[in-house]
Amino acid sequence: MTNQEILSASSAILKKAKQFGVHLGGFANVEDLKAAPSFVLAPQLPVVEKVLGTLAGEMELNPGEVKWPAEAKSILTVAVAHPEDRPELDWWYGQISPSGNKLLIRAVKALCDWIPANFAIDVFHFPYFIEHGGIYLKDAAVLAGLGCIGRNNMVVTPEFGPRVRLRAMALSVPIPSTGPSGFDPCVRCDDLCRRVCPQHAFDAPLDSPKNYNLGVLPGRDGCYARPTCYIQIRKDSDEAKAQVPEGCSESVKVLKFCRSCEWGCPVGK
Ligand code: B12
């Protein structure tokens, strides 16, 4: 494909993604992404017991390592809004994926059919978990211009704040990154997201940047303690109540994971 054809395909793809139900979308070039903070730092993080994303999974990857499909040249990252008045979009019913995640999966699957049928482009649908062959979605979203990494260590979008969920697919053509956008609402904010964390996961830097040959840690300033956050996630899991979901006959635990650092953010409300 010529550069002009790639460019016009990319705008048609974004338009189609919205027709398939996503709210935001953008592209990140794989070469840019390989150098992004999570891809560089995650494999160097100390392994914390049972913290997802640093596990050596069934693909025999090292903890934090990403498996890039050989044909991947660019990544389409899409987002679906999870607003405060639709909390159920985020709930797990036992092992059943949240309905918001199902919307994302359905849209990306539809794109995986539509794109090769309309353009000379091969596609790959990334799974969610890194250890199962997924990628770091927040970095992909930032490089695609969907938003910035906020002080809550989440992608903060102008439209919906951090209250979005992400999914990605690879394309076999080199589309230039459509971000970062330069959007940064956190410079004017007084840490509202950090102050409401029930575990105080943002109180101090987790590690010294020197251990990673850096001047400063990303995640704004390295002040996000993943193991501390995970204490709350485990607590939510332990305290989940059983319920019989609509259309089911058996009762399952409904997992409502902590979203305090999302609710605390005023952007997009
Ligand atoms: C493992 C995981 C967890 C673990 C560990 C979290 C962690 N951050 O390490 C646990 C279970 C604790 C967790 C908690 C949560 N998670 Co989580 N999690 C993931 C998962 C599967 C991988 C994340 C990971 O391992 N990152 C690697 C580590 C090293 O990076 P990091 O600490 O996140 O910080 C990186 C970025 O901030 C980046 N960065 C910093 N500055 C900059 C600047 C630029 C320019 C760029 C490009 C990048 C960048 O570099 C940092 C690396 O040092 C992703 C899905 C995915 N496939 O990506 C979802 C994901 C990140 N989680 C998500 C959510 C919503 C949550 C929770 C709110 C819980 C919930 N209710 O679902 C909390 C929020 C925690 C927080 N404030 O960060 C969303 C975030 C959406 C968003 N708007 O950002 C994701 C993308 C999943 C989704 N469904 O969309 N999560």
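Rings of Phe, Tyr and Trp (its six-membered ring) are taken as a pair if their centres lie within 6.5 Å. The structure described here is a predicted model, and seven aromatic pairs are counted in it by this rule.

**The aromatic cluster**

One stacked pair is formed by Phe-39 and Trp-68, with 5.5 Å from centre to centre and 25° between the planes. Phe-39 belongs to helix H3 (residues 37-41), while Trp-68 lies in the loop between H3 and strand E2 (74-81); the two are 29 residues apart, and their pair links distant parts of the chain. Phe-39 counts as buried because its relative accessibility is 10%, and buried means under 20%.

Trp-68 also forms an aromatic pair with Phe-126, and this one is edge-to-face, with 6.4 Å from centre to centre and 90° between the planes. Phe-126 is in the loop between strand E4 (123-125) and helix H5 (137-143), whereas Trp-68 is in the loop between H3 and E2, so the pair ties together parts that are 58 residues apart in sequence. Trp-68 and Phe-126 are both buried. Through ring pairs, Phe-39, Trp-68, Phe-124, Phe-126 and Tyr-136 are linked into a cluster.

A ring takes part in another kind of arrangement at Trp-91: the charged end of Lys-256 sits over this ring, 4.1 Å from its centre.

**Strands E2 and E7**

E2 is largely enclosed by the rest of the structure, because eight of its eight residues are buried. Ser-74, Leu-76, Val-78 and Val-80 point one way from E2, and Ile-75, Thr-77, Ala-79 and Ala-81 point the other way; all are buried.

E2 has antiparallel pairing with strand E1 (residues 24-29) over six bridges, and Gly-25 stands opposite Val-78 of E2. E2 is also joined by eight bridges to strand E7 (residues 164-171), again in an antiparallel arrangement. Within this pairing, Ala-79 stands opposite Leu-166 in E7, and Ser-74 has Leu-171 of E7 as its bridge partner.

For E7, too, eight of the eight residues are buried, so this strand is largely enclosed by the rest of the structure. Val-164, Leu-166, Ala-168 and Ala-170 point one way from E7, and Arg-165, Arg-167, Met-169 and Leu-171 point the other way, all of them buried. E7 is further joined to E4 by three bridges, with the strands running antiparallel; here the bridge partner of His-125 is Met-169 in E7.

**The surroundings of the ligand**

The ligand is surrounded by 36 residues, of which the closest are Lys-138, Asn-152, Asn-153, Val-155 and Arg-226. These 36 residues divide into 25 nonpolar, four polar and seven charged. H3, H5, E7, helix H7 (226-239) and helix H8 (260-263) each supply at least two residues of the shell. H5 provides the largest share, four residues.

The table gives contacts to oxygen atoms of the ligand.

| Residue | Atom of the residue | Distance to an oxygen atom of the ligand |
|---|---|---|
| Leu-137 | backbone N or O atom | 2.9 Å |
| Lys-138 | polar side-chain atom | 2.6 Å |
| Arg-226 | polar side-chain atom | 2.3 Å |

Lys-138 and Arg-226 thus appear in the table and are also among the closest residues to the ligand.

Note on methods. Residues numbered from 1 in each chain as written. Predicted model: local features only at pLDDT ≥ 70, side-chain atom pairs only at ≥ 80, totals over all residues. Heavy atoms only, no water. Phe/Tyr/Trp six-rings, centres within 6.5 Å; stacked < 30°, edge-to-face > 60°. Buried < 20%, exposed > 50% of the residue type's maximum accessible area, 1.4 Å probe, protein only. Lys NZ or Arg CZ within 6 Å of the ring centre and 35° of its normal. Pairing = 2+ DSSP bridges. Near = heavy atom within 4 Å. Polar contact = N/O pair within 3.5 Å; in protein donor to acceptor, adjacent residues only side chain to side chain. Nonpolar A, V, L, I, M, F, W, Y, C, P; charged D, E, K, R; others polar.
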